[in-house]
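Q: Here's a chain I'd like to go through with you. Could you zoom in on one residue and tell me how it sits in its surroundings?

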Amino acid sequence: MKEGQPRAIHLKDYEVPAYLVDETELHVEIDEEVTVVTTILKVRRNPDGDVSVPDLVLDGGRDLETRHISIDGRELLSNEFGVDDERLTINGVPESFTLKTVVEIKPQNNTALEGLYRSGDMFCTQCEAEGFRNITWYPDRPDVMSKFRTTVVADQDRYPVLLSNGNDVDRGQSDGRHWVTWEDPFMKPAYLFALVAGDLQHIEDSFTTMSGRKVKLQIFTEAHNIDKLDHAMTSLKHSMAWDERTYGREYDLDIFMIVAVESFNMGAMENKGLNIFNTSCVLARPDTTTDAGYQRVEGVVAHEYFHNWSGNRVTCRDWFQLSLKEGFTVLRDQQFSADMGSAAVYRVNDVAVLRNSQFPEDAGPMAHPIRPDSYIEINNFYTATVYEKGAEVVRMIQTLLGRERFRKGTDLYFDRHDGQAVTTEDFLKAMEDASAADLTQFRNWYRQSGTPVLDVSGQYDATSQVFTLTVEQSCPPTPGQPDKAAYHMPLAMGLLDESGADIRFATDGLDVASTHEVDGFTAVLNVRSPKEVFRFEGIASAPVPSLLRGFSAPVKLGYDYTRDELTFLMSHDSDGFARWEAGQRLAVEVITEVVQQIRQGSAISIDERLIKAFDNNLQQAIEGDRDPALDKEMIAQMLLLPTETYLAELAEVVDVEAIHQAREAVRGAIAKALGGSLLAVYKLNQSTQTYTPTAAEIAQRALKNVALGYLMQPDDTEMVPLCVDQFKTADNMTDTSAALRALVNSDADAARGPAEQALTEFCNRWVDESLVIDMWFSIQAGSQRPDTLECVKGLLEHKAFNLKNPNRVRSVVSAFAQNTAAFHRADGAGYVFLADRVIELNGINPLMAARILGPLTRWAKYDADRQALMKAQLTRVLETENLSRDVYEIVSKSL
């Protein structure tokens with residue numbers, strides 16, 4: 001390692017804090033030029049810490065201008081402390097004392113958006129993971145928990161609303177300025193601190209908890225967005241009621257507040273009592289928000305509210321334990337969403353996110369366990385692995401224990417560790433103690449990275465009427481982990497007879513975690529060894545196995561299904577996920593076959609069984625009662641082909657052009673063969689009702705717009721007028737944006753003019769709606785047209801684009817980098833474009849610079865020419881002067 005390069009922090013080096021902070025009092029004097037932060041800390045030596053440590057070391061940012069330091073009322077001399085860019089060290093402190101510091105900061109210059117910063121006309125904070133140190137000197141680590149009392153002072157006219165954590169206990173005004181004091185009675189780490197000052201409006205409601213307490217609910221935003229908050233409020237109340245019913249968790253303060261912020265690095269933040277949200281996760285109105293947007297608001301509001309217990313009341317000891325709060329809370333929000341809508345569809349969506357985001361991460365240079373062993377910059381580990389895979393790991397615990405024992409485990413976990421900063425081991429121990437289960441081997445999921453592979457084979461003996469299932473598990477090498485121990489995982493499965501009915505088989509002699517009958521009979525097998533053999537006796541005829549029902553483990557499954565078996569499962573499997581998965585497998589096989597045809601230069605031939613399977617789904621949509629288990633939203637999901645991202649992940653070496661051409665060829669063949677049925681489905685699902693985001697209406701729109709996408713696929717489509725009509729007459733953003741996307745992505749000559757006109761009309765109409773313009777940007781950045789990169793470069797010059805706004809960066813730069821065919825142009829121009837943006841952002845917002853870098857790190861999956869081009873851009877980024885720790889870690893590990 002070169003001198004001056006950032007050094008890694010290791011889990012094995014964890015030490016408890018030498019000093020604890022019992023009380024934190026903040027006085028934040030906000031002004032336009034300089035904000036003054038006065039901090040008073042009640043500090044004492046940690047009895048469990050290293051008693052030989054005489055000095056107090058506090059974290060801080062290089063932009064803190066220190067004006068005063070005193071202990072117990074005595075101002076310190078310059079030789080009694082030392083200050084550098086990241087630390088304040090006070091020499092020889094007493095066993096317990098009161099520390100006072102005064103610093104000046106300039107939040108208006110904070111473009112990294114970590115700590116206190118300005119977003120538009122308001123001041124707000126983002127302190128997770130290590131942003132609080134940019135506000136004041138503090139032991140900024142999650143295992144230092146304190147009670148906070150915060151007074152915010154600002155100009156009364158410019159900032160009439162002053163918010164912080166806890167309950168409003170005092171307020172006053174003088175000489176055009178006013179102040180509000182907030183007191184949080186619960187111990188919390190500094191990363192959960194929040195502050196907002198602005199000219200805001202709010203809506204208000206209340207919720208009565210299960211113990212009869214009335215909680216005030218407020219959601220704040222700028223005046224022009226006040227009519228977009230009702231859905232978030234409804235979602236919040238649903239979340240509070242659901243958490244009481246499902247986990248027995250009651251809210252604990254007198255008030256719960258949410259603030260919508262336009263410039264925000266994250267989706268939202270669970271600060272105690274004062275959640276701060278990206279506007280994209282809280283604002284919703286039918287004409288500006290899609291169905292997916294409504295569902296996102298509902299899910300994110302729930303996620304952040306659920307953190308009140310799984311993250312706030314019980315928090316993580318150190319940042320290596322991040323999945324303790326995030327994985328568990330993602331599972332909770334997934335369960336909530338499933339209860340609010342179609343459980344099977346939500347499960348499919350969960351798995352699609354995992355496969356498209358987390359599986360590539362697990363196979364790349366940044367692969368890490370859900371509990372990492374080391375990091376250089378913790379912001380780089382807010383990943384799909386920690387969140388989504390972390391949720392799957394906790395879901396597996398629930399599957400293995402069963403819902404009742406899992407609930408006993410969570411109750412014990414919350415009761416045992418309330419008010420503490422703990423570890424994943426504490427969570428697992430609570431599960432074991434409450435259930436008498438042994439999760440020793442299961443802990444490998446927390447220690448090992450990579451996506452396990454299950455290779456499964458089946459054999460039927462008609463004479464003995466025994467079906468034998470052989471399961472072999474493996475996990476590929478990942479950085480720093482060449483060899484993997486066997487996992488303990490649940491394999492949920494069923495057996496179907498020739499009629500498609502579930503077979504109820506005996507489980508005697510099988511290592512079974514549980515069995516259950518919902519629509520059909522399912523057994524959960526314990527898979528523990530590298531090779532397992534399960535014998536099912538009394539099976540009258542050769543069955544078709546339904547494997548990994550409900551996606552019971554985050555693995556890649558190999559089973560040598562015939563295509564006829566896959567179409568059979570698509571039509572008959574009682575498990576919604578397994579049914580969808582059979583369709584995905586069939587589509588992957590067909591598309592992969594076409595990829596080979598393209599490579600060989602042979603004529604393209606598409607297996608009619610896939611088209612017939614799609615036709616069966618369309619006929620179900622038309623007739624409606626052929627299969628009650630298949631609702632419209634599930635049909636819409638089953639009509640979607642695997643993404644190019646997922647197809648690339650399955651390939652050993654990605655053939656960008658062939659995968660794109662093959663997938664488009666299959667889409668085109670489906671559109672051509674089933675045009676009549678697609679048009680019938682489109683017409684049957686027109687709504688004459690006023691827009692509502694109910695499950696039934698969302699399903700209807702989803703199915704209609706999937707059909708529209710296919711109808712617009714052929715080069716000679718005659719459906720352009722129909723698409724234009726939907727764009728012009730739709731009363732909701734779901735239909736409007738679907739029509740716009742279909743026009744922009746169409747290769748038909750007849751669509752070119754209407755697409756350009758629609759883009760212009762859309763922009764002109766919604767120019768004052770930031771989130772809608774984000775959508776306008778992303779539709780163009782995700783376009784399948786060959787000139788997409790040139791279009792995207794033009795978007796950077798658009799007056800609405802601002803590189804300092806994370807939502808804008810995501811809508812243009814990230815959307816383009818996730819556009820497989822356009823980003824991976826053979827000339828490497830897409831790679832140069834992304835590297836240029838990373839270098840620009842490195843000095844503005846290092847967190848965002850690192851987050852958009854991901855697609856370049858996957859260079860090893862591509863052909864030799866692309867590898868060289870991608871590595872050249874990574875090297876260029878690495879050689880950037882003053883490279884941030886965020887970007888350095890990802891680039892250096894990638895190379």
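A: Let's take Arg347: at 8% relative accessibility it counts as buried, because buried means under 20% relative accessible area (exposed is over 50%, partly exposed in between; 1.4 Å probe, protein chains only). Before going on, a caveat: this is a predicted model, where local features need pLDDT of at least 70 and side-chain atom pairs count only at pLDDT 80 or more, while totals for chains, interfaces and linings use all residues. Residues are numbered from 1 along each chain as its sequence is written, and side-chain values use heavy atoms, with hydrogens and water left out.

Back to the arginine. Arg347 belongs to helix H4, residues 343-362; helices here are DSSP runs of H or I with at least four residues, strands are runs of E with at least two, and both are numbered from the N terminus. Its side chain makes a polar contact with the side chain of Glu392 at 2.6 Å. A polar atom of that Arg347 side chain also lies 2.9 Å from the backbone oxygen of Gly550. (A polar contact is a pair of N or O atoms within 3.5 Å; within protein, one must be able to donate a hydrogen and the other to accept it, and residues adjacent in sequence count only if both atoms are side-chain atoms.) Setting aside neighbours within four places in sequence, Arg347 is in contact (heavy atoms within 4.5 Å) with Gln334, Glu392, Arg395, Gly550 and Phe551.

As for the backdrop, buried residues make up 59% of the 895 in the protein chain, and its secondary structure comes to 27 helices and 32 strands.
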